[in-house]
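Visitor: I am new to this structure and would like to learn how to read it. Could you walk me through a few features?

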Amino acid sequence: MSGTSISDRAVPGLLTKADLSGGLSFEEVRLLLALTDPEDVRALLETADRVRARVVGDEVHLRGLVEFSNYCRKNCAYCGLRRDNSHVERYRLSADEIISIAGDLDQRGIRTVVLQSGEDLSYSAEALADIIRRIKQSTSLAVTLSVGERPRVHYEMWKQAGADRYLLRHETVNRELFDAMECGTSFENRMRCIRDLRELDYQVGIGFMVGLPGQTLDDLAGDLMFVKEMQPDMLGIGPFIPASETPLAGRPGGSLEQTLKCVALGRILTRDTLIPATTALATIDEFGYELGLRAGANVVMPNWTPLDCREQYAIYPNKRCLREDPDIWLCTLKERIAAMGRAVSAGRGHSPKKAALSAD
Ligand code: SF4
């Protein structure tokens, strides 16, 4: 019997199982990732959408993204901000600029600020803690950090200053593939960071890219099983988009369909995790936000980086929303979400996995 006919026979039962529980095995996840029949793929995405609606409802949580520095000490092979890319014009925002942008977000009812940067050690742990403290004192925002690998004491200091969440993608559980990405770190250190963050009671986001050169279906199934085991508070899954001036320039990018299947399986395996329709997804397809939100996602991250810096935060090329006025774009985004019959959340959208916080 061919692989296809096994799929044909197994798919309806598997999707019923996926609808009822997240208890899929590696082989079952792999089989669903391998689906190619458009009807089967559609049924998988619809299953995830049903699970999303039933478990976390129709609200979409907005996170205001502030890319405050594009300096990076690391050299990830897929990333346009890598240290060795001398074609990037580097910038840093001052503490006052960052805090002022956080105030703008608060006034517009976006209840989370995501402070993201390359691994830029010129912001000391104390300096970042001070920024977090000032944001928490002057706004009602939840603060998410995405500044890479740091020692545990830094994470501890930022948590004490009031940081709520931390995004640190695990990238891949295949160590050979991890090493091939030349990130200048080890898989063990990445896991140490994620473990530290969880122990320090952050809401922690992990995630991975789909379509990395050399990545196999087994790798993706392995990443999804890792996600199932970790049950993260947040989960970011986006397509690989090749960036110029990097070792992976010119390689094929990740596909829309495979990314959506991974988002859907992320929802099915985690049930109530916060999952963004990523900007990378919206970059490879004009309707990427809608497609992600219909495949199990429930978060969108509008970019609130100053317009004159956005183009320089080029992790990958042609990023969505490089030039849009943020207020106009926010209106458009809300209209697009409303047109899907979904509503923008008025709350801070804490992780449902943190029971004490989730009502806020
Ligand atoms: S992915 Fe992050 S850590 Fe790696 S080079 Fe890019 S900004 Fe730096």
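Guide: Gladly. Let us begin with a term: two strands count as paired if DSSP finds at least two bridges between them. Keep in mind that this is a predicted model. Here, strand S4 (residues 142-146) and strand S5 (residues 165-167) run parallel and are joined by two bridges. Leucine 145 stands opposite tyrosine 166 in S5.

Visitor: In what order do the strands of the open sheet come?

Guide: In a regular strand, side chains alternate between the two faces of the sheet. In this model, six strands make up an open sheet with parallel pairing, in the order S2-S3-S4-S5-S6-S7. S2 and strand S7 (234-239) stand at the edges with a single partner strand each, so one side of each has no neighbour in the sheet. On average, neighbouring strands of this sheet are turned by 20 degrees against each other, direction ignored.

Visitor: How many residues of strand S2 are buried?

Guide: A residue is called buried if 20 or more other C-beta atoms lie within 10 Å of its own. Six of the six residues of S2 (residues 64-69) are buried, so this strand is largely enclosed by the rest of the structure. S2 pairs in the parallel sense with strand S3 (residues 112-117) over five bridges, and valine 114 in S3 is the bridge partner of leucine 65. Between S2 and S3 the chain passes through helix H4 (residues 95-107), in a right-handed β-α-β crossover. H4 lies across S2 and S3 and runs at about 170 degrees to S2.

Visitor: Now the helices. Why do the buried residues of H3 line one face of the helix?

Guide: An α-helix has 3.6 residues a turn, so residues three or four places apart point the same way. Helix H3 (residues 38-56) has buried residues that include Leu44, Ala48, Val51 and Val56. Seen down the axis of H3, the buried residues fall within an arc of 150 degrees, so they line one face. On the face turned away from them are the exposed residues Pro38, Glu39, Arg42 and Arg54. Just after H3, glycine 57 takes a positive phi of about 80 degrees.

Visitor: And how many of the 15 residues of H10 are buried?

Guide: In H10 (residues 256-270), 12 of the 15 residues are buried, so the helix is largely enclosed by the rest of the structure. Among them are Leu260, Cys262, Arg267 and Ile268. H10 reaches 21 Å from its first C-alpha to its last, close to the 21 Å expected at 1.5 Å a residue. Arginine 271 follows H10 and has a positive phi, near 65 degrees.

Notes: Residues numbered from 1 in each chain as written. Predicted model: local features only at pLDDT ≥ 70, side-chain atom pairs only at ≥ 80, totals over all residues. Helix = DSSP H or I, 4+ residues; strand = E, 2+ residues; numbered from the N terminus. Arc of directions from axis to C-beta. Right-handed = clockwise from strand over helix to strand, strands pointing away. Expected span 1.5 Å × (residues − 1). Axes fitted to C-alpha atoms, helices over the stretch in contact; angles between N-to-C directions. Contact = placed C-beta atoms within 7 Å.
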